[in-house]
Amino acid sequence: MEYVLVSACLLGQAVRYNGGDKRCDDDILQRWLSEGRVVAICPEVAGGLPVPRPAAEIAGGAGGRKVLEGLARVVDSNGRDVSAHFVDGAEHAARLARARGIRVAVLKEGSPSCGSSFSYDGSFARVRVPVPGVTAARLVQDGIAIYSEVQLAQADARLHQLEAVGLRDQGPDARGVVIIYTAHGMYLSRSCALSWRDFQEIWPDFQTSLGPWTVAAVINYLDEEHPDLWPPAQQQVHALEGAETTQHRLSFRS
Ligand code: SF4
């Protein structure tokens with residue numbers, strides 16, 4: 001599965017400088033949450049800043065890349081240089097993204113950390129400049145595709161494109177594996193062409209599905225989220241791969 005890094009304030013977490021959030025109820029984001037693919041980050045909190053905190057802007061509208069290079073500063077509304085916190089937070093986000101293999105991020109627009117197409121010019125007069133914040137600039141350096149909260153459809157398309165390429169790269173016979181949750185158990189299915197309506201016909205108590213994902217992604221997910229599987233996730237997924245059937249009921253330690 002392709003994970004997606006998302007600004008914590010868009011997820012309703014009260015981490016903004018003023019103690020509030022910027023909760024986004026878009027259906028795409030809600031679906032990502034139900035698929036378990038969202039990884040939350042607030043770079044400013046990760047960088048050691050408190051909630052609430054004074055508003056901050058990048059001095060001179062220089063943009064996040066210059067801050068990373070040590071050529072510009074982030075200054076709060078009291079005149080305090082908070083650049084080190086912003087750079088630490090950006091590095092934390094980059095490490096998190098690397099650890100989860102993240103290639104797509106949706107970040108809150110306009111923030112001195114998360115802004116992707118604009119930030120503010122350092123005058124605290126709401127003057128926009130077309131340069132990214134510190135974390136957005138850092139993630140771009142690692143090749144991560146950055147989108148704002150008004151570009152969720154584009155981000156979703158990119159995720160599906162990456163997943164389709166991942167399956168294709170496994171070879172012409174490779175098919176994705178879908179994880180099925182029902183009220184009475186969990187299943188793996190290789191029938192990735194099926195829709196949720198088809199799943200409901202097979203499993204009347206169908207609840208939700210994840211995938212199709214690569215075999216490696218399914219094993220990773222099951223190891224993390226269901227460590228009580230027995231035999232271990234890897235054996236169960238490979239049992240499905242070698243079987244004639246297209247479904248496998250997952251078993252757990254009793
Ligand atoms: S740093 Fe990013 S995640 Fe944190 S409050 Fe600001 S915009 Fe939201």
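Reader: What share of the contacts between residues at least 6 apart in sequence joins residues at least 24 apart?

Author: In this protein the share is 63%, where a contact means two C-beta atoms, placed from the backbone, within 7 Å. The model is a predicted one, in which local features need pLDDT of at least 70 and side-chain atom pairs count only at pLDDT 80 or more, while totals for chains, interfaces and linings use all residues. Residues are numbered from 1 along each chain as its sequence is written.

Reader: What makes up the secondary structure, and into which domains is the protein divided?

Author: The protein has 9 helices and 12 strands, which are DSSP runs numbered from the N terminus (H or I over at least four residues for helices, E over at least two for strands). Domain 1 covers 4-162 and domain 2 covers 177-249, with bounds from an automatic or database domain assignment. Taken over C-alpha atoms, the centres of domain 1 and domain 2 lie 34 Å apart. Along the principal axes, the C-alpha atoms of the protein fill a box of roughly 65 × 35 × 30 Å.

Reader: How do you know whether D156 is buried or exposed?

Author: D156 has 20 other C-beta atoms within 10 Å. A residue is buried at 20 or more such atoms, exposed at 12 or fewer and partly exposed in between, with C-beta atoms placed from the backbone. D156 is therefore called buried. D156 belongs to helix α6 (residues 152-168). Between D156 and M186 there are 26 Å in space, C-alpha to C-alpha, and 30 residues in sequence. Over the 254 residues of the protein, 38% count as buried.

Reader: What makes β2 and β8 edge strands of their sheet?

Author: The sheet in question is open, has 4 strands in the order β2-β1-β5-β8 and pairs in the parallel sense. Strands β2 and β8 (145-148) each pair on one side only, and this places them at the edges. The twist from one strand to the next averages 25 degrees, an angle between N-to-C directions of axes fitted to C-alpha atoms, on a scale from 0 to 180 degrees.

Reader: Why are β1 and β2 called a pair?

Author: Strands β1 and β2 (residues 38-41) are joined by 4 bridges in the parallel sense. Pairing requires at least two DSSP bridges, so the two strands qualify as a pair. Among the partners, V4 stands opposite V38 in β2, and S7 has I41 as its bridge partner there.

Reader: Which way do the residues of β1 point?

Author: In strand β1 (residues 4-7), V4 and V6 point one way, L5 and S7 point the other way, and all are buried. In a regular strand the side chains alternate between the two faces of the sheet.

Reader: What makes up the other sheet, with β10 and β12?

Author: This open sheet also consists of 4 strands, in the order β11-β9-β10-β12, and its pairing is antiparallel. Its edge strands are β11 (206-213) and β12 (247-249), each with a pairing on one side only. Neighbouring strands are turned by 20 degrees against each other on average, direction ignored. Strand β10 (residues 185-189) is joined to β12 by 3 bridges, and Y187 faces R249 in β12.

Reader: Which residues surround the ligand, and how do they divide by type?

Author: The shell consists of S7, A8, C9, V15, R16, C42, P43, E44, K108, S111, S113 and C114, chosen by a C-beta atom, placed from the backbone, within 6 Å of the ligand. The shell divides into 6 nonpolar, 3 polar and 3 charged residues. Here Ala, Val, Leu, Ile, Met, Phe, Trp, Tyr, Cys and Pro count as nonpolar, Asp, Glu, Lys and Arg as charged, and the others, Gly among them, as polar.

Reader: What is notable about the backbone at F124 and R126?

Author: Most residues other than glycine have a negative phi, and most peptide bonds are trans. F124, which is not a glycine, has a positive phi of about 55 degrees, and R126 has a phi near 60 degrees. F124 is in the loop between β6 (119-120) and β7 (128-129), as is R126. F124 is called partly exposed because 14 other C-beta atoms lie within 10 Å, whereas R126 is called exposed because there are 9.

Reader: Where are the cis peptide bonds of P52 and P231 found?

Author: One joins V51 and P52, with omega about -5 degrees, and P52 lies in the loop between α2 (43-46) and β3 (56-58). Another runs from W230 to P231, with omega near -5 degrees, and P231 lies in the loop between α8 (215-225) and α9 (233-242).
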